[in-house]
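Here is a friendly note to read alongside the structure. Keep the view open and look up each residue as you go.

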Amino acid sequence: MLSRRKLLKRLGALPLVGGLMGSGISVSSAMAANTEVAPKRNLVQELGLRSFVNAAGTYTAMTASLMPKEVMEAINYASRHYVMLDEVQDKVGERIAALCHAEAATVTAGCWSAMVLGTAGVLTGKDRDKIRQLPNLEGMKSEVIVQKSHNVGYVHAITNTGVKVVEVETAAEVDRAVNDKTAMMWFLNYQAPDGKINHEEWVALGKKHGIPTMIDMAADVPPVENLWKYNDMGFDLVCVSGGKAIKGPQSAGILMGRKDLIEAARLSAPPRGGTIGRGMKVNKEEILGMYVALDEYIKKDHDKEWKEWEEKVAYVAGEVEKIDGVTTDVSVPPIANHTPYLKISWDDSIQLTREQMQEKLRLGEPSIEVISGGDQAISMTVFMLRPKEEKIVAKRIVEELRIAKV
Ligand SMILES: *Cc1c(COP(=O)(O)O)cnc(C)c1O
């Protein structure tokens, strides 16, 4: 995923959002267009919120993804029944583990919380005193080895537990860095191409030194196989976001891997209190919603869905290319948000900056979010669009390009 700074840069400034609310533009139509039954209470309207067509992607700031009907049914169902929190975690954990080839699994409050709890489990084991003591590491291991290129903002999830990051670049440096304070070796999947040590070597180094390995693959489905690939490869802990492409609750995620470590991690999580994880609560609705989202995600026809994405991208490209001076380019990031991206660029015969284009789409009817593609270019995805929204997106982009054509 993008860093927050890069994301904000790509989104462009948002100063006009406030202005929109007072502008009298109906902000609810984008949402209404896809609502089967009129809501009893139109909260977008009631609160003066801006709802939009998401042609950007699974950005946390944009509330990531929309939960499918099956997930909402699970959530509504759960809201009518009491169950014991640990029991629903036990049962759902078993199912998720089986689906993803892991020994054990648990639903967490997002990928971030999976990393905090997983690290806590590695540090404390099942020792109640140590669990209560975190983030004071007295008497515990205190270092986590991370490749230099992987040492970005997300590492804060790990250092939340009190550990210190030890940076390395080569396998020889890992050998030298390991000592009796080394607790874990952390790998950030999307940074793999920038690191000198690949997944398999990282796992092998962990095994050689008897150090547990953890991988952050938060936004790295599709492809669906990634859900079991890193468990099969031998990572001891695998952390995933539930609310990105899997379309579960945005505040849910999955921690999976070695049974002893998952059991230990759960001792820092609710319902237990007096732990660093007490604030990382997931309710039964989110736990069951996460399970159903994952199950539905795994079951769906991924080839068919990919073809639909390609068709939508091709449709938008075809429409905008009808305008002289407009070119398009389709690309797929190899890791993280692995989905077709359409870059739409225009030459100087169209008097419009990228920021102006984003603003016009944002303030239009319906409001549309796309990301930056460069100076005179925007970039967009279709995997978060609701049915037929590619038509709306193409139409609006074409309109603005035509208006700006000199
Ligand atoms: C989104 C993301 C996270 C945080 O995941 P949440 O599910 O929002 O807690 C962590 N790491 C990476 C690489 C991410 O993209």
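The numbered points below go through a sheet and its helices, a buried strand, the salt bridges and a surface patch.

1. Please keep in mind that this is a predicted model. Let us begin with an open sheet of 4 strands, in the order β9-β10-β13-β12, with antiparallel pairing. Its edge strands are β9 (326-331) and β12 (371-374), and each of them pairs on one side only. On average, neighbouring strands of this sheet are turned by 30 degrees against each other, direction ignored.

2. Now zoom in on one pair of strands. β9 and β10 (residues 341-346) run antiparallel and are joined by 6 bridges. One spot to find is threonine 328, whose bridge partner in β10 is isoleucine 344. As background, strands of a sheet pair through backbone hydrogen bonds, either parallel or antiparallel.

3. Which helices go with this sheet? Helix α15 (residues 302-320) lies across β9, β10 and β13 (377-381), and runs at about 10 degrees to β10. Helix α17 (residues 389-404) packs on the sheet too, touching β9, β10 and β13. The direction of α17 makes about 175 degrees with that of β13.

4. Staying with helix α17, look for the salt bridge between the side chains of arginine 396 and glutamate 399, at 2.7 Å from N to O. These two are separated by about one helical turn, because they are 3 residues apart in α17. Are the partners buried or exposed? Arginine 396 has 6% relative accessibility and so counts as buried, while glutamate 399, at 30%, counts as partly exposed.

5. Next, turn to strand β5 (182-188). How many of its residues are buried? The count is 7 of the 7, so β5 is largely enclosed by the rest of the structure. Strand β3 (residues 143-147) runs parallel to β5 and is joined to it by 4 bridges, with valine 144 opposite methionine 184. β5 also pairs in the parallel sense with strand β6 (residues 213-216), again over 4 bridges. Here tryptophan 186 stands opposite methionine 214.

6. The loop between α10 (171-177) and β5 holds aspartate 180. With 69% relative accessibility, aspartate 180 counts as exposed. Aspartate 180 and serine 142 are 38 residues apart in sequence, and their C-alpha atoms are 9.2 Å apart in space.

7. The structure holds 26 salt bridges. One of them joins the side chains of glutamate 263 and lysine 126, at 2.5 Å from N to O. Glutamate 263 is in helix α13 (residues 259-266) and lysine 126 in the loop between α7 (111-124) and α8 (128-133), so this pair ties together parts that are 137 residues apart in sequence. Glutamate 263 is partly exposed, with a relative accessible area of 32%, and lysine 126 is partly exposed at 47%.

8. Another salt bridge sits within helix α8, where aspartate 129 and arginine 132 are 3 residues apart and therefore separated by about one helical turn. The closest N and O atoms of this pair are 2.8 Å apart. Aspartate 129 is exposed, with a relative accessible area of 51%, and arginine 132 is exposed at 55%.

9. Finally, visit the surface. Leu43, Leu47 and Leu49 form a nonpolar patch there, with about 280 Å² of accessible area together. Leucine 43 belongs to helix α4 (residues 43-47), and its 43% relative accessibility makes it count as partly exposed.

Technical notes: Residues numbered from 1 in each chain as written. Predicted model: local features only at pLDDT ≥ 70, side-chain atom pairs only at ≥ 80, totals over all residues. Heavy atoms only, no water. Pairing = 2+ DSSP bridges. Axes fitted to C-alpha atoms, helices over the stretch in contact; angles between N-to-C directions. Contact = heavy atoms within 4.5 Å. Patch = residues over 30% accessible without salt bridge, like charges linked within 9 Å, V, L, I, M, F, W, Y side chains within 5 Å. Areas by Shrake-Rupley, 256 points an atom, 1.4 Å probe, with all protein chains shown as cover. Salt bridge = Lys/Arg side-chain N within 4 Å of Asp/Glu carboxyl O. Buried < 20%, exposed > 50% of the residue type's maximum accessible area, 1.4 Å probe, protein only.
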